[in-house]
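Subject: The structure I promised you

Hello,

Here is the structure we talked about, with the sequence alongside. Could you open it next to this email and follow along as you read?

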Amino acid sequence: MTQPHRGMSGVRLFPQRPHHHDTLYNQKMQRIYLDANATTPVLPAVVEAMLPYFTESSGNPSSAHLSGQRTRAAVERARTAVAALLHCTAKEVVFSSGGTESDNLALTGVLQTYLDNHEPAHLITTQIEHHAVLYAAEALEKRGIRVTYLAPNCEGLIETAALEAALTPETKLISVMLANNETGVIQPIGKIARIAKAFNPAILVHTDAVQAAGKLSLDMDGEFKNVDLLSLSGHKMYAPQGTGALFVRSGVQLMPLQYGGPQERQRRAGTENVPGIVALGRASELAAYWLNANASSFSHLASLRDRLEQGLLAAIPGSHINGNTTYRAPNTTNIRFAGIDAESLLIALDMQGIAASFGAACQSGATEPSHVLLAMGLTPTEARSSLRLSLSRLTTPYEIDRALQIIPAAVARLRSVA
Ligand SMILES: Cc1ncc(COP(=O)(O)O)c(C=O)c1O
């Protein structure tokens with residue numbers, strides 16, 4: 001049996017997991033969780049890291065006394081861990097309350113100056129962004145920023161020709177997501193940023209990497225060296241909800257969203273969420289280990305996803321994958337079943353112990369079809385018959401096999417009653 005990996009501190013990075021298929025979680029819950037893009041479970045090693053900061057190691061990082069200094073040191077260690085995951089410097093990491101805040105800080109933080117100075121400014125984004133970007137863009141548009149929303153092609157990819165055609169001398173910011181939360185499709189951000197800088201080096205480029213962090217390597221010093229701002233969310237990478245970060249490249253000026261203390265180099269006022277930040281730091285260490293030291297994990301996750309996808313396509317007539325399957329996060333599939341109402345399917349699956357989703361989590365329950373799938377050219381009926389399945393690092397082959405028994409049977413039952 002292999003030894004569990006140990007971090008530099010000697011603390012276990014991964015909990016010891018049984019070798020048989022069931023994980024600790026599934027033994028307890030007996031449920032098959034295929035909704036990791038909505039949120040991931042917090043890893044036990046992450047909980048272990050944050051717990052002392054609720055009790056014996058509590059303190060305000062801005063306090064001068066020893067308790068304050070200790071929590072300050074913990075915050076800075078976490079910042080270094082996030083920076084290591086992104087291949088950037090620690091001072092380029094701003095902690096936030098999650099992906100939504102990071103996206104809002106990036107867009108409004110950059111464009112507020114132009115509004116204040118009554119200077120014209122143009123933002124280019126896409127029709128398939130998460131609402132944290134889309135609605136922030138719409139709010140800026142109402143305040144006088146000109147916004148272009150690029151349409152994807154039918155595979156969910158933004159074509160660089162469309163971006164080139166949209167660039168103007170007034171373009172100040174481009175915000176294009178890395179991995180889409182609904183389809184997993186990955187945009188060519190490195191290329192988009194190179195095109196932007198070649199057009200005008202002053203254009204800033206933001207990417208929402210909430211669904212990419214911990215799944216794909218993010219190198220701000222390599223492929224993404226022209227990207228200026230990048231959003232992360234803790235709860236998509238095995239840290240708690242309400243934690244996140246924004247990478248802000250050195251030299252980029254941001255207006256803060258809120259006013260108060262000088263925390264986070266005056267970019268994000270408010271006493272730091274120390275346990276949450278420590279958790280995000282530990283989750284980043286685990287993600288870096290998972291991505292680098294353990295390269296086979298990526299293909300393992302992708303192969304589980306592919307097995308699920310291929311199994312469903314083979315077992316269910318009239319099923320199709322939505323989106324490009326080459327440029328895609330390894331854990332996500334978005335699949336439509338002709339003649340099926342995905343909401344009814346979700347309820348049926350939930351009753352049989354499978355958690356899946358219908359577009360973004362915040363849209364679940366909404367009757368509107370996914371804006372991402374509509375932008376890709378699906379009809380409202382096709383969009384409403386689409387299911388998102390997203391695996392986590394804890395998903396097991398056993399769970400995939402069970403899902404391959406349950407989902408086709410549920411689809412067949414729904415079709416027979418229809
Ligand atoms: C792509 C993307 N961006 C932003 C967010 C928002 O992140 P948070 O829930 O941390 O606010 C999400 C969450 O679903 C997401 O998937």
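Below is what I found in it, starting with the whole chain and then going through the ligand site and a few individual residues.

Please keep in mind that this is a predicted model.

**The chain as a whole**

The chain holds 14 helices and 12 strands. Of its 418 residues, 56% are buried. Taking contacts between residues at least 6 apart in sequence, 72% of them link residues at least 24 apart. The exposed surface comes to about 17400 Å², and 55% of that is supplied by carbon and sulfur atoms.

**The ligand**

The ligand has 13 residues around it, and the closest are Gly99, Thr100, Asp208, Ser233 and Lys236. Three side chains are worth displaying here. An N or O atom in the side chain of threonine 100 sits 2.6 Å from an oxygen atom of the ligand. For lysine 236, a side-chain N or O atom is likewise 2.6 Å from a ligand oxygen. Aspartate 208 faces a nitrogen atom of the ligand instead, with a polar side-chain atom 2.6 Å away from that nitrogen. On its own the ligand has 390 Å² of accessible area, and the protein covers 88% of this.

Which element gives the most to this shell? That is helix H4, residues 99–116, with three residues. By type, the shell is made up of eight polar, three charged and two nonpolar residues.

**Histidine 206**

Strand S6 runs over residues 204–208 and includes histidine 206. The relative accessible area of histidine 206 is 0%, so this residue is buried. Its side chain makes a polar contact of 2.8 Å with the side chain of serine 231. Beyond its neighbours within four places in sequence, histidine 206 has contacts with a long list of residues, among them Asp103, Ala106 and Leu107, then Val133, Leu173 and Val176, and also Leu229, Leu230 and Leu246.

**Two helices of 21 residues**

Helix H3 covers residues 66–86, and its first and last C-alpha atoms are 30 Å apart, close to the 30 Å expected at 1.5 Å a residue. Its buried residues include Gly68, Thr71, Ala74, Val75, Ala78 and Arg79, as well as Val82, Leu85 and Leu86. Right after H3 comes histidine 87, with a positive phi near 55°.

Helix H14 takes in residues 397–417, also 21 residues. At 1.5 Å a residue H14 should span 30 Å, and because its end C-alpha atoms are 31 Å apart, the two values agree. Among the buried residues of H14 are Glu399, Ile400, Ala403, Ile406, Ile407 and Pro408, along with Val411 and Leu414.

**Isoleucine 32**

Strand S1 is made of residues 32–33, and isoleucine 32 belongs to it. Buried or exposed, what is isoleucine 32? Its relative accessibility is 9%, so isoleucine 32 counts as buried. Not counting residues up to four places away in sequence, isoleucine 32 touches Gly353, Ile354 and Ala355, together with Glu399, Arg402 and Ala403. Both Glu399 and Ala403 appear among the buried residues of H14. The C-alpha atom of isoleucine 32 is also 8.1 Å from that of threonine 395, although the two residues are 363 apart along the chain.

**Positive phi angles and helix H8**

Most residues other than glycine have a negative phi, so a couple of spots deserve a look. Histidine 118 is not a glycine, yet its phi is positive at about 55°. You will find histidine 118 in the loop between H4 and strand S3, which covers 122–126. With 71% relative accessibility, histidine 118 is exposed.

Glutamine 266 is another such residue, with a positive phi of about 65°. It lies in helix H8, residues 263–266, and at 56% relative accessible area glutamine 266 is exposed. Glutamine 263, in helix H8 as well, is buried, with a relative accessible area of 11%. Leaving out residues up to four places away in sequence, glutamine 263 touches Ser62, Arg268, Ala269, Gly270, Thr271 and Glu272.

I hope you enjoy looking through it.

Best wishes

Notes. Residues numbered from 1 in each chain as written. Predicted model: local features only at pLDDT ≥ 70, side-chain atom pairs only at ≥ 80, totals over all residues. Heavy atoms only, no water. Near = heavy atom within 4 Å. Polar contact = N/O pair within 3.5 Å; in protein donor to acceptor, adjacent residues only side chain to side chain. Areas by Shrake-Rupley, 256 points an atom, 1.4 Å probe, with all protein chains shown as cover. Helix = DSSP H or I, 4+ residues; strand = E, 2+ residues; numbered from the N terminus. Nonpolar A, V, L, I, M, F, W, Y, C, P; charged D, E, K, R; others polar. Buried < 20%, exposed > 50% of the residue type's maximum accessible area, 1.4 Å probe, protein only. Contact = heavy atoms within 4.5 Å. Expected span 1.5 Å × (residues − 1).
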